[in-house]
Amino acid sequence: MTTIFITIDWFHPAYKAGGPVQSIANLVEQYRQEGVQFKIFCSGNDLDGTVNEGVQFDSWNNYNPYTQVWYTSPGKRSVAVLLREIKQCNASVLFAIGIYSWYFNLVPLLFSKVPVKIMSVRGMLHPGALSQKAFKKKIYLSLFKLIGLQKRCSFHATDTTEKNFIQQTFGIGANVFVAGNYPRLFKLQTANDKQSGVLQLVTIALVSPMKNIALVLDALKDCSQHVNYHIYGPLKDEAYWQLCQGKITVLPEHIKVTYHGNVVPTKVEATLQLMEVFIMPSKSENFGHAIIEALSAGKPVVTSHHTPFNNLHNEMAGRNVSIDNTSELTAAIDFFAAMPANEFAAWNKCANDYALKSFDINLLNEQYDAMFGLNQLPHENN
């Protein structure tokens, strides 16, 4: 039995931390090798401190036939317990998700004796991410390199662009594996009743500066078509949300904005059913699970050039826009709002096609085989 021990701040049923949680959930659902099991060690609460319900704390919970999860008691983190569990399961691989957590990233990296240690940076070294709380991150990363932690592990990048960011930060000698994210794909939701001149627009994301919801609101102010904009997601930054609320109050009457609060992962597909276009002009996205999920459901996506999903317009799957001003964003929203049903149906189908051809599951399996050192083992049929 080969045990891959994953340390991560939050895991299902927690969901408010966004992409990394979904990335690991997709990994343990879709990466199947005979003789391989996952152990996930995480906190017992969500990003906002909400305590997870329906789980046992400080013991192993069965998540699926190949995965168990340990939820630490809320407010209690024992270094001794973490290191004990890593040792007792005789882990072959430590897969630490993130960079900045003392308990879930640095403790296992520094003090566990697992043969293979891998740190998954999850977009945290993208220039857009580094620009947030830049001074603190610069000091932290300088200390990280000063004491040579980059020599104690390999790094995981989800694409070659992220590999370059890692090597820019930790040096060209940093050992980096490239392995993409497993996607969660939905069934095509056929669009039959799109009204010309009206648009149901949606964002499902953390409400934070990185997702650029305020920019969407600025763009909506200049839209000529009728738009109903629906926002779903946790309020990660209250001050930012107050800024957004101020922008909402000055929108013209033909623009309606509704904040619906959180939506749990199991309800995302149903939430998309009533929507037509997904919008999220992010400053940076390591992957963008919400984007690929929306595309797979047949929702054209309006996003920036700072995600893995580009060339959307040529593929009739959406629009990539500049985030330096609002003009392209406004034009993209009006473009889809004005579109009649028969034309929109083609974009609906092409969005789904784009999602399906964006991934090669066999290639993903090979990438993770190489990173985890499991090339010799056979895959199970999914």
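Two strands are taken to pair if DSSP finds at least two bridges between them, and by this criterion β9 and β12, which run parallel and are joined by two bridges, count as paired. The structure described here is a predicted model. Its secondary structure comes to 13 helices and 14 strands, and the strands discussed below belong to two open sheets, one of eight strands and one of six.

At the level of the whole chain, the radius of gyration is 21 Å, which agrees with the value near 21 Å that a compact globule of 382 residues would have. Taken along the principal axes, the C-alpha atoms fill a box of roughly 60 × 45 × 45 Å. Buried residues account for 55% of the 382 residues, while the surface that the chain exposes is about 16500 Å², with carbon and sulfur atoms supplying 52% of that area. Among contacts between residues at least 6 apart in sequence, 71% join residues that are at least 24 apart.

The eight-stranded open sheet has the order β3-β4-β2-β1-β5-β6-β7-β8, and its pairing is mixed. Its edges are formed by β3 (60-64) and β8 (176-178), each of which has a single partner strand, so that one side of each is left without a neighbour in the sheet. From one strand to the next, the twist averages 25°. At the β8 edge, strand β7 (residues 154-157) pairs with β8 in the parallel sense over three bridges, and Phe155 has Val176 of β8 as its bridge partner. The loop between α6 (160-170) and β8 contains Ile172, a residue that is exposed, with a relative accessible area of 72%. Ile172 and Gly54 are 118 residues apart in sequence, and their C-alpha atoms are 45 Å apart in space.

Helix α3 (residues 102-111) lies across five strands of this sheet, namely β1 (2-7), β2 (36-43), β4 (67-72), β5 (93-97) and β6 (116-120), and runs at about 150° to β5. Strand β1 includes Thr7, which counts as buried because its relative accessibility is 0%, where the cut-off is under 20%. When residues up to four places away in sequence are not counted, Thr7 touches Phe41, Leu82, Leu94, Phe95, Ala96, Ile97, Phe104 and Pro108.

The six-stranded open sheet has parallel pairing and the order β11-β10-β9-β12-β13-β14. Its edge strands are β11 (255-261) and β14 (318-320), each of which pairs on one side only. Neighbouring strands of the sheet are turned by 20° against each other on average, with direction ignored. Within the sheet, β9 and β10 run parallel and are joined by seven bridges, with Val202 having His230 of β10 as its bridge partner. As for the pairing of β9 with β12, Leu201 stands opposite Val277 in β12. Three bridges join β12 to strand β13 (residues 301-303), again in the parallel sense, and Phe278 stands opposite Val301 in β13.

Both faces of β12 are covered, with Val277 and Ile279 buried on one side and Phe278 and Met280 buried on the other. In a regular strand, the side chains alternate between the two faces of the sheet. Helix α7 lies across β9, β10, β11 and β12 and runs at about 170° to β10.

The largest nonpolar core comprises 32 residues, of which Leu201, Leu220, Tyr229 and Ile333 touch the most other members. Two or more residues are given to this core by each of β9 (198-204), α7 (213-220), β10 (226-232), α8 (238-248), β12 (277-280), α11 (327-338) and α12 (341-356), and α7 gives the most, with seven residues. Apart from its neighbours within four places in sequence, Leu201 is in contact with Leu220, Val227, Asn228, Tyr229, His230, Met275, Val277, Ile279 and Ile333. A second, separate core of 29 residues includes Val21, Ile24, Val36 and Phe38.

Conventions
Residues numbered from 1 in each chain as written. Predicted model: local features only at pLDDT ≥ 70, side-chain atom pairs only at ≥ 80, totals over all residues. Heavy atoms only, no water. Helix = DSSP H or I, 4+ residues; strand = E, 2+ residues; numbered from the N terminus. Axes fitted to C-alpha atoms, helices over the stretch in contact; angles between N-to-C directions. Contact = heavy atoms within 4.5 Å. Core = buried A, V, L, I, M, F, W, Y, C linked by side-chain atoms within 4.5 Å. Buried < 20%, exposed > 50% of the residue type's maximum accessible area, 1.4 Å probe, protein only. Rg over C-alpha atoms; globule rule 2.2 N^0.38 Å. Areas by Shrake-Rupley, 256 points an atom, 1.4 Å probe, with all protein chains shown as cover.
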